[in-house]
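User: I would like to learn how to read the empty space inside a protein model, and then a few features of its backbone and core. Please take them one at a time.

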Amino acid sequence: MDSSQEADPSAEQGAQNNPAEERTHSLGNADTRLQSISQEPAGQQQPGSPNTGTVVTAEDISERTREPPHDRQEHTTLTGELKDNLLQKDVPQTPSQSSQTEDGWCDLTKEGSENARYRSHPHSWTGECDLDNVICVKFYAALRKEVDTKHDKMYLVIYPKDRKFEMTQIRTDEAGSMFTCDLCLDKTHVNELYYTYCLADEYENLQDFKYRKLYRDISEDDKVFHQFDDICMGTSRWIMNKKTTVWEIRPEFLQAMLTQLMKCTNKDLSTMQTTAAFFRDCVEKRHGIDHQMLSREIKTSWDKVKEKLDKAFQHAVTELKNTSPVQYVLAAAVLAEFFHIKPGKGTIEKLSEIVKQNGMLDGTLASLEDPVRWVLSEAVRYVYNLACKMSPKEAHWFMALFYAVSPEGVDPLAYRNMSQTTAQRNLSEMVKTHCMVIKRCKAFRDAVLDMCDAGDGRHLLKLSITPDEFLSQLKKWQKPNRFHTLHQDVKIAASQIKDWLKESQERSTSETLKMDVDSCLQKTLNILQNSLKDTNWIEHWENVLSALQLLNAFTDYSDRHSDDMGLNRDDYRSTFSHLTKKMSDCITQHQKGNKIHWSEVFNLRLPNIWQKVWENILKTHFREHLQKKKITDMVKYYCSSSGVCSAMEDCMLTCVQDAINKQTIESNQKGCQSTWRELLNIIVKSNKPGTLSFIIESKLRGLEWSQKDFLYLLYDEQLKDVF
């Protein structure tokens with residue numbers, strides 16, 4: 001029943017007998033009453049109060065049944081009426097005051113009290129009351145947002161004697177206002193206490209009931225007890241018959257309580273499951289005390305609440321800020337698992353964004369102990385599995401949270417297919433953010449390696465994996481991918497191998513290093529051998545570059561140590577022979593369109609034992625390529641090529657000499673003066689005129705041209721510096 005529901009006649013009659021102005025007069029001026037509550041010393045008694053505290057009994061309750069609380073004149077604060085025969089044990093003291101009042105209450109309202117430490121956050125009582133028979137009862141109350149609380153204070157009223165305790169308002173949002181109050185009570189008699197809530201002088205309008213009772217009796221094992229209530233306060237003081245039913249559970253109440261549970265600290269996480277159990281039990285079962293002071297149990301099927309709870313959970317998460325602490329996400333995960341909530345895609349994205357915004361989590365969760373970590377890791381696993389199904393790109397952040405919070409020995413997360421482009425981008429960002437955790441946690445590291453796909457070689461470098469591990473990853477990627485598609489990853493792997501071997505010079509005599517090198521070389525040749533199974537291998541120029549880059553990574557090491565690294569083994573030589581044939585065919589296939597960067601190919605030297613064979617093959621193809629050019633184009637190509645290896649330089653020079661010899665013969669036969677002029681112009685403008693000018697000069701001086709033509713070539717302003 002909502003706030004507009006008409007109240008039952010008996011309740012209306014009660015409201016008419018107690019108009020607002022009469023109750024205000026009966027309770028006294030609100031300002032005066034608030035002042036007495038806040039300023040009265042602990043244990044001070046009002047006139048007419050007993051001189052000593054008494055134990056609350058069933059007889060005390062029955063004597064009060066005929067007198068409604070609204071009509072009584074006696075409204076005292078912390079007086080001595082519930083001494084409850086508490087054991088007089090030492091209670092933590094401060095220099096100025098005790099945390100226990102004279103009547104036996106542990107006063108949590110005193111700022112100097114050790115027990116007051118709880119009030120810094122209303123989730124778990126951290127005080128040390130040191131009384132075996134004392135329990136801390138924590139009251140949480142949600143007030144609907146339609147009720148104005150700007151000018152009034154909320155009180156918890158304990159029956160008998162209507163002892164009133166000011167509640168702390170801890171939050172106001174779209175779900176309403178949240179209040180809390182913590183009382184240390186004697187276990188022996190707390191089960192006989194009834195309570196209600198009061199906003200200034202207006203008591204809550206409970207339909208059919210006058211008071212509430214804790215949803216169950218306190219047991220001997222209870223140390224802290226949580227009671228969650230929806231305050232059924234009228235929405236207007238001028239319409240006193242407007243009430244909220246206590247028979248139904250408001251979605252806003254669920255949302256308010258879930259929000260309160262989520263906003264926690266590391267210390268609160270240790271009791272989150274217990275607190276959630278209290279909340280569930282309070283929703284399923286409530287106790288109302290009617291006008292005859294008889295207790296009536298109100299039960300609600302959890303199945304009916306579940307749908308409301310799911311929606312309330314989504315709303316509570318949506319209201320969290322992206323910059324919220326990561327503890328809120330952990331609490332949400334515990335609640336989702338505990339209540340079997342399946343968060344929607346929007347909720348998953350919101351929680352993952354909070355994890356993302358929190359960055360590195362090492363120091364944030366350091367204080368959590370292993371028992372708590374076990375609980376949290378299973379809760380995060382639950383959310384992670386849901387995220388993998390509905391929002392894979394967000395699952396990476398839950399994986400990071402899982403391994404950041406998990407204790408040693410926890411079962412690793414099951415791998416999920418997250419190969420979408422957006423998911424891989426999130427993986428890259430996650431790896432960058434949590435690389436320290438990944439390096440430290442082998443299971444996390446292995447999981448990231450499992451998720452990395454072809455093209456993710458740059459991620460592997462951030463994980464500080466060894467070259468041997470990188471090559472293992474390449475072998476794994478080869479199965480679903482063709483070799484030429486792995487070119488960028490191969491390039492990264494080859495660079496890593498080269499750097500690793502360069503840095504290992506100081507350990508050059510280490511037997512372990514030699515074993516590592518042998519392992520890497522063997523995996524490299526296995527990768528190349530597997531690649532050759534592709535029938536279209538020669539169609540892709542990247543295959544040649546990838547093969548040369550991998551083998552070139554070992555060249556410097558081989559030169560420094562004069563080590564053939566076992567490359568003369570029969571199986572290795574067989575692989576190399578097959579490889580060179582494929583590379584030769586590939587060069588033939590691609591040199592037609594001038595697509596080959598010859599300088600790049602020549603600069604990728606192989607280990608000495610294989611270099612001579614490969615170099616001869618390469619020179620043969622290169623000469624064929626040059627000989628198809630005109631002599632002027634050949635000379636121009638030679639003059640424009642710089643920074644090339646000696647093998648390529650020698651090959652070009654030899655080809656140019658052959659071309660000039662050929663040109664000399666043709667000039668003697670036909671006379672090609674213009675060609676020589678063009679060649680000389682190219683040489684003059686180049687950065688290497690020495691060798692070619694000598695060659696051309698020697699040829700020109702032997703030509704049978706007229707003296708006039710020869711002198712022109714010799715003394716032309718642009719050419720005179722050549723000879």
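Analyst: Start with the lining of the largest cavity, in what is a predicted model. Sorted by class, that lining has seven nonpolar, six charged and one polar residue.

User: How is such a space found, and what is the volume of the largest cavity here?

Analyst: Rolling a probe the size of a water molecule over the atoms shows where empty space is left. In this model the largest cavity has a volume of about 110 Å³. Of its 14 lining residues, those closest to the centre are Asp 229, Asp 230, Ile 249, Phe 253 and Arg 286.

User: Which elements each supply at least two residues of that lining?

Analyst: Strand E9 (224-231) and helix H8 (272-284) do. The largest share, three residues, comes from E9.

User: How many cavities of 30 Å³ or more are there?

Analyst: The count is six. The second largest cavity holds about 90 Å³ of space. It is lined by 13 residues, and Arg 212, Arg 286, His 287, Gly 288 and Ile 298 lie nearest its centre. Strand E8 (211-213), E9 and E10 each give at least two residues to this lining. By class, the second lining has six nonpolar, three polar and four charged residues.

User: Arg 286 was named for the largest cavity. Where else does Arg 286 appear?

Analyst: Arg 286 is also among the residues nearest the centre of the second largest cavity.

User: Now the core. Which residues of the largest nonpolar core touch the most other members?

Analyst: That core has 177 residues, and Leu 258, Phe 279 and Val 448 touch the most other members. Take Phe 279: leaving aside residues up to four places away in sequence, it touches Phe 228, Phe 253, Leu 254, Met 257, Leu 258, Leu 261, Leu 309 and Phe 339. Phe 253 in that list is also one of the residues closest to the centre of the largest cavity.

User: Turning to the backbone, what is the phi of Met 293?

Analyst: Met 293 has a positive phi of about 60°, although it is not a glycine. Its place is in the loop between strand E10 (285-289) and strand E11 (295-299).

User: Is Met 293 buried or exposed?

Analyst: Its relative accessible area is 7%, so Met 293 counts as buried; the cut-off is under 20%.

User: And His 340: what is its phi, and where does it lie?

Analyst: His 340 has a positive phi near 55°, and it too is a residue other than glycine. It lies in the loop between helix H10 (326-338) and helix H11 (345-358). His 340 counts as exposed because its relative accessibility is 59%, and exposed means over 50%.

Technical notes: Residues are numbered from 1 along each chain as its sequence is written. This is a predicted model: local features need pLDDT of at least 70, side-chain atom pairs count only at pLDDT 80 or more; totals for chains, interfaces and linings use all residues. Side-chain values use heavy atoms; hydrogens and water are left out. A nonpolar core is a set of buried Ala, Val, Leu, Ile, Met, Phe, Trp, Tyr and Cys residues joined through side-chain atoms within 4.5 Å. Buried means under 20% relative accessible area, exposed over 50%, partly exposed in between (1.4 Å probe, protein chains only). Contact means heavy atoms within 4.5 Å. Helices (H or I, at least four residues) and strands (E, at least two) are DSSP runs, numbered from the N terminus. On a 1 Å grid over the protein atoms alone, a cavity is a set of points where a 1.4 Å probe fits but cannot get out, and a pocket is an open set with protein on both sides within 12 Å along at least five of seven lines; lining residues have an atom within 4 Å of a point. Grid points are joined across faces, edges and corners, and a volume is the space filled by probe spheres set on the points. Ala, Val, Leu, Ile, Met, Phe, Trp, Tyr, Cys and Pro count as nonpolar, Asp, Glu, Lys and Arg as charged, and the others, Gly among them, as polar.
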